[in-house]
Structures are given as C-alpha cells and as structure tokens.
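Subject: Structure handover

Hello,

Please find the structure below, together with its sequence. My notes on what was found follow after it.

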Amino acid sequence: MTDGEEGLPLPWQEDAWRRLQAARRRDRLPHALLFHGPAGTGKNRFARLLARSLLCEQADEAGLPCGACRACTLQDAGNHPDLREVMPLEDKQHIGVDQVRAIAEYLALKPQYGEVQCVLITPAECLNENAANSLLKTLEEPTPGACLILVTARPALLAATIRSRCQKFAFPVPPVDQALPWLEARLRSGEDSRRLLNLAEGAPFAALALAESGGVSWRLEMLAHLEQLMERKADAPAVAEKWLKSGAKESLYGLYTWITALIRLRMGGGGSPGDADPEVARRLGSLARRMEVRTLFQRLDEAREALRLVERQINAQLLLEDVLIAWQQSVE
Ligand SMILES: [Zn+2]
C-alpha cells in the first residue's frame, strides 16, 4: 500500500468501514469478524486495511491509517509483529491445526507495540475440521485486544459453530455505477469495461483479472466451443486440450461462469453476461433453450467438483474431457 488511494476503503466498502470504525470508537469492535461475499470484490484488501487501521499509531478520525508511523512502515515491510496472516501453506489446500495452534500461542503473548493483535484467516473455508475445532476455543475465549478477521467467498463451507461466533459482514457485488468507474480507471483504453464486469458477474477485481489475462476473448472462444460440442462439430478431447493449454483452472472457472449465466437465463433472472452484449445474449438464449434447468444444475455441480479436483493435481486433461463429454450429452 503505497499510493494514496490504496490506503482508502473502496467506494463500495465505505459503509462497512464507517460501521466498523464507529464500533471501534465505542470500544465495541467485535473480537471476531467474518467478511463474506463473492470473490473479486476486495474483501481481503478491506481486511488488510482494517488491520492496518487498528495497528496504526496515528490513524485519523475516519480510522484511516497514516502510512508513515512505525506500525504502518512495519506493515509495508510485511513484518509487523502484531499482525498474523494465516492461509493454506503453499503445498497444501487446507489451513491445518498446527497453524491455528500457533495463533493461540501468539495471542497468549502480549502485543509487541500497541494494544492490538490482528489475525487474518483467508480463505477461511480452507480451515480443515481439526483446525476449525481448535479455532473455536480461541473464538470462545477471546484475548483482550485481539481481532480475528476471517475472510471467505464460500461461507457455507465454514462450520456453523465458527460462523455463529463471528460478527458477519457481507460484501456483496458493488453497484455497477461504483464498479464501472473504478474498473475503467484501471483498464487500458479500448477495453470494454461493461462487458468485462458482466463476464465477471459484477466483481470488479475479477473483471480486472479477466482483462489482464486476455480473458474476454478466451471466454467467448469457450462459449463457441460449448456451442460446437453441442452441435457435434467438435469433440471433447480436442476441446479439452485447448482448455488445458489456457489453464485448466481458469477454463473450468469460465465454464462455471457460463453455466451460471445459462441458469440465470432459464430462471428469468438478470445480471447475465449477455446483458451488455446482444450477440452473446442471443447465443446464450439459444443454448439455454436446449437444456433443462435440472441438467444445468448437474453440469454446474460437475464443474464445481472438477474445480476442486484440479487443485489436487488430478489428471486435468481427463477431468476436462469428462465435464465436456457430460456437456455434450446435455441436450434435450
Ligand atoms: Zn500509521
């Protein structure tokens, strides 16, 4: 966090910021917070900014960190002793019990500088069962001055006992009139911000990531593949090979997004990637008419499961072939 803007909450997070800062001024900041909402809206950024605010030695009236004090400088260097960030270890998918025990030990010590100790756990749904059980004890016996912030895009995967011991803050997808200007300020000129935002289901950071990975044209190419498979003009192994080249995970996520869009269309909901693009809308409409909602939900489950498996380095080519063959067989 160096330039001025990075030290501010995002426009769509100002309300959450004000509420938390008001609670803090009354000395009522909950000792455990759960930030939940779709991926790509800036929850982690907000969590880090809040931690920075809590640790800053001269935060302003709005709670904004100064960016210059000892605490802010230490955080910039990534080694403030009163801030811990817990995430899955590099070679693991889960946050393990040892990591949670280390938090309890750390919280048993006094803060090194001020009166606050912050712990960020992200993504919190990665806590495995033992880790979650161990964390419960920490949540049930809060240390004065401790602030635990759990961040998740999938709160349903968190143990209910954990959820109920945290104060929940929802971070929904921002209104388009706030997301668009933010996105436009960060895109190269000539990029279609509205279309990106639609493809990312309204999540600004996801839209930006999509732009940076050349994602729009790839997503549209994927849609063409799905059409060709259904028309029997392409075969699953060949398409799987192309998808693998573009990254199995990114492709599966793209598939997931397209199926979600088709389900929305079948259910008559708005917010489809086709909203900003009549041509995409027409193509989605024609796919949606050929599939039952029930089948679409099955395909969605398979895509979700494949996404989970691909992270475990299961043979990605076969995994992709399986979901594409199932797709090909979905026509009524
Ligand atoms: Zn500071």
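Strand 3, residues 117-121, is mostly covered, with five of its five residues buried. Please keep in mind throughout that this is a predicted model. In strand 3, Q117, V119 and I121 point one way, C118 and L120 point the other way, and all are buried. In a regular strand the side chains alternate between the two faces of the sheet.

The sheet

Strand 3 belongs to an open sheet of five strands, ordered 2-3-4-1-5 and paired in the parallel sense. Its edges are strand 2 and strand 5 (167-170), each of which pairs on one side only. On average, neighbouring strands of this sheet are turned by 20° against each other, with direction ignored.

The pairings can be followed strand by strand. Strand 2 (residues 83-86) pairs with strand 3 in the parallel sense over four bridges, and R84 stands opposite V119 of strand 3. Strand 3 is joined to strand 4 (residues 146-152) by five bridges, and these two run parallel; here Q117 faces A146 of strand 4 as its opposite residue. Strand 4 also runs parallel to strand 1 (residues 32-36), to which five bridges join it. In that pair, F35 has V151 of strand 4 as its bridge partner.

Connections and helices

How are strand 3, helix 5 and strand 4 arranged? Together with helix 5 (residues 129-140), the two strands make a right-handed β-α-β unit. The loop between strand 3 and helix 5 contains P123, and a cis peptide bond joins T122 to P123, with omega at about -10°.

Helix 2 (residues 43-55) lies across strand 1, strand 2, strand 3 and strand 4, and runs at about 170° to strand 4.

Further along the chain, helix 12 (residues 248-267) packs with helix 13 (residues 278-289) at an angle of about 75°, their axes being 9 Å apart. Angles of 65 to 115 degrees count as roughly perpendicular, so helix 12 is roughly perpendicular to helix 13. Helix 12 contributes A261, L262, L265 and R266 to the contact, where they meet L284, G285, L287 and A288 of helix 13. By type, the residues of this contact divide into six nonpolar, one polar and one charged.

Single residues to look at

Most residues other than glycine have a negative phi, and most peptide bonds are trans. Two residues with a positive phi are listed here.

- D27 is not a glycine, yet has a positive phi of about 65°. D27 sits in the loop between helix 1 (14-25) and strand 1. Is D27 buried or exposed? D27 has 6 other C-beta atoms within 10 Å, and a residue with 12 or fewer counts as exposed, so D27 is exposed.
- E201 is not a glycine either, and has a positive phi of about 55°. E201 lies in the loop between helix 8 (193-199) and helix 9 (204-212). With 19 other C-beta atoms within 10 Å, E201 is partly exposed, because 20 or more are needed for a residue to count as buried.

Last, D177 is found in helix 7 (residues 176-184). D177 is exposed, with 9 other C-beta atoms within 10 Å. The C-alpha atoms of D177 and W12 are separated by 9.9 Å, although the two are 165 residues apart along the chain.

Regards

Conventions. Residues numbered from 1 in each chain as written. Predicted model: local features only at pLDDT ≥ 70, side-chain atom pairs only at ≥ 80, totals over all residues. Pairing = 2+ DSSP bridges. Right-handed = clockwise from strand over helix to strand, strands pointing away. Axes fitted to C-alpha atoms, helices over the stretch in contact; angles between N-to-C directions. Parallel < 35°, antiparallel > 145°, perpendicular 65-115°, else oblique. Contact = placed C-beta atoms within 7 Å. Nonpolar A, V, L, I, M, F, W, Y, C, P; charged D, E, K, R; others polar.
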